[in-house]
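Reader: Hi! Could you walk me through a structure I've just opened?
Author: Happy to, let's look at it together.
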Amino acid sequence: MKKRILGVFLGLLICSALSCQKQDKEAKAGGAVEADVAAIKALIAEWVDLYNAEDFPKMNSAFYAENAILMNPNAPAHKTKEDILLSYQKLSELNIEHVETSVVEDLRVCGDWAFGRGTDTGTTTPRSGGAPVPYSVKWLMVFERQSDGNWKCLYEMWNDNSPLAEQPRR
């Protein structure tokens, strides 16, 4: 079932991105796409600042759409803004998370939709004590233009960027 949901999600993402190529080229002439890309990158930068400040209520309100879905690795999807907020708050009870870098590697705008992928690096420090542990993740997000013209994240999926341990050869 998880593979099917992921397949549908990725299929929609690919189809939407391909259908937007012509619109993107036409819109670039007017600068609309560049302004949207800049707004979304600013939104991601704001997410990083609020995440590092552990201001999860403000982060949740500013970044996520009302019907947002957050898909963390190896966990059920968080399907409401309230659930997303609780997931960040619970994580914060256990660890101090700090994003060092967040790089948007690709961002495509198609009308009222945008699709982005990138990487984050940072550290996780257990609140119970211990040294900071570095991490590297890759993410995929779908943004939706809201009725007020602002962008918000509708779908977010991420997982570790660490290589899997080598499997023994048979």
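Author: What follows is a chat about a pocket, a cavity and some strands in this predicted model.

Reader: Great. How much space lies in the second largest pocket?
Author: About 440 Å³. The lining is made of 21 residues, and those closest to the centre are Tyr-51, Leu-91, Glu-97, Val-137 and Trp-158.

Reader: Which elements each supply at least two residues of that lining?
Author: Two helices and four strands do: helix 2 (32-52), helix 4 (81-94), strand 2 (95-110), strand 3 (113-126), strand 4 (133-145) and strand 5 (151-160).

Reader: And where does the largest share come from?
Author: From strand 4, which gives four residues to the lining of this pocket.

Reader: How do the lining residues of that pocket divide into nonpolar, polar and charged?
Author: Twelve are nonpolar, five are polar and four are charged.

Reader: Let's switch to the strands. How many bridges join strand 3 to strand 4?
Author: Twelve, and the two strands run antiparallel. One pair to look for is Thr-123 with its bridge partner in strand 4, Pro-134. Six residues sit between the strands in this hairpin, where Gly-129 has a positive phi near 115°.

Reader: What about strand 4 and strand 5, parallel or antiparallel?
Author: Antiparallel, over nine bridges. Here Trp-139 has Trp-158 of strand 5 as its bridge partner, and Trp-158 is also among the residues closest to the centre of the second largest pocket. The hairpin of strand 4 and strand 5 has five residues between the strands, and Gly-149 takes a positive phi near 95° there.

Reader: Now Thr-124. Which side chain does it join in a polar contact?
Author: The side chain of Glu-97, at 2.9 Å. Thr-124 itself belongs to strand 3. Beyond its neighbours within four places in sequence, Thr-124 is in contact with Asn-95, Ile-96, Glu-97, Ala-131, Pro-132, Val-133 and Tyr-135.

Reader: Last topic: how many cavities of 30 Å³ or more are there?
Author: One. The largest cavity has a volume of about 40 Å³. Helix 4 and strand 2 are the elements that give two or more residues to its lining, and helix 4 has the largest share with three.

Reader: Which residues line the largest cavity?
Author: Tyr-51, Glu-54, Phe-56, Tyr-88, Leu-91, Ser-92, Asn-95 and Glu-97. They divide into four nonpolar, two polar and two charged. You'll recognise Tyr-51, Leu-91 and Glu-97 from the list of residues closest to the centre of the second largest pocket.

Technical notes
Residues numbered from 1 in each chain as written. Predicted model: local features only at pLDDT ≥ 70, side-chain atom pairs only at ≥ 80, totals over all residues. Heavy atoms only, no water. 1 Å grid on protein atoms, 1.4 Å probe; cavity = no way out; pocket = protein on both sides within 12 Å on 5 of 7 lines; lining within 4 Å. Points joined across faces, edges and corners; volume = space filled by probe spheres on them. Nonpolar A, V, L, I, M, F, W, Y, C, P; charged D, E, K, R; others polar. Pairing = 2+ DSSP bridges. Polar contact = N/O pair within 3.5 Å; in protein donor to acceptor, adjacent residues only side chain to side chain. Contact = heavy atoms within 4.5 Å.
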